[in-house]
Amino acid sequence: MPERTPKALRAAIAQHAPQLLVDFDRHWRRDIADAYDLAPVPAFMARWWSEYALARDPHLEARVHHLEDEAAQAPDYTHAKALIEEAGRIRRTTAKAEPGQ
């Protein structure tokens, strides 16, 4: 993982997960670039840190997307909830990655 700064994270995304770059830049421009308030930066970083951490492992990323897709199609609420909880657990675990890992 890169340093925990927007600039370092963007560079890592550009190099290792370029499929995320358009959405990253769009989100930055929409919520951060023209703002005169730094309050949204931590939430922005948390979201994109997690997205990048997950994108570094294509198999794990595919697993999460499969769980989410399966939950969307599940006719049983209890089963759908369990699938979403599992996807969320994976996302939270990957988001805990530290710089240098």
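In this predicted model, Glu51, Glu68 and Arg91 are joined up in a network of salt bridges. One link in that network is the pair Glu51 and Arg91, whose closest N and O atoms sit 3.3 Å apart. Glu51 belongs to helix 3 and Arg91 to helix 5 (residues 77-95), so this pair ties together parts that are 40 residues apart in sequence. Both partners are tucked away from the surface: Glu51 is buried, and Arg91 is buried as well.

Altogether, the model has 8 salt bridges. Among them are two pairs that stay inside helix 5. Glu85 meets Lys81 with the closest N and O atoms 3.6 Å apart, and these two residues, 4 apart in helix 5, are separated by about one helical turn. Glu85 has a relative accessibility of 44% and so counts as partly exposed; Lys81, at 40%, also counts as partly exposed. The other pair is Glu86 with Arg89, where the side chains come to 2.8 Å, N to O. Here the spacing is 3 residues, again about one helical turn of helix 5. Glu86 is partly exposed with a relative accessible area of 26%, and Arg89 falls into that class at 41% relative accessibility. The spacing in these pairs fits the usual helix geometry: an α-helix has 3.6 residues a turn, so residues three or four places apart point the same way.

Turning to the nonpolar interior, the largest core holds 18 residues, and Leu9, Ile13, Trp48 and Tyr52 touch the most other members. Helix 1 (6-16), helix 2 (21-33) and helix 3 (41-55) each put in at least two residues, with helix 3 giving the most, at 8. A separate core of 9 residues lies apart from this one and includes Leu54, Val64, Leu67 and Ile90. Tyr52 has plenty of company: leaving out residues up to four places away in sequence, Tyr52 touches Met1, Pro2, Leu9, Ala12, Ile13, His16, Ala17 and Leu20.

Helix 1 has two clearly distinct sides. Its buried residues are Ala8, Leu9, Ala12 and Ile13. Viewed down the helix axis, they fall within an arc of 135°, so they line one face of helix 1. That buried set packs against helix 2 and helix 3, while Lys7 and Gln15 are exposed on the other side of helix 1. As a general matter, nonpolar side chains in soluble globular proteins tend to be buried together.

How values were computed:
Residues numbered from 1 in each chain as written. Predicted model: local features only at pLDDT ≥ 70, side-chain atom pairs only at ≥ 80, totals over all residues. Heavy atoms only, no water. Core = buried A, V, L, I, M, F, W, Y, C linked by side-chain atoms within 4.5 Å. Buried < 20%, exposed > 50% of the residue type's maximum accessible area, 1.4 Å probe, protein only. Contact = heavy atoms within 4.5 Å. Arc of directions from axis to C-beta. Salt bridge = Lys/Arg side-chain N within 4 Å of Asp/Glu carboxyl O.
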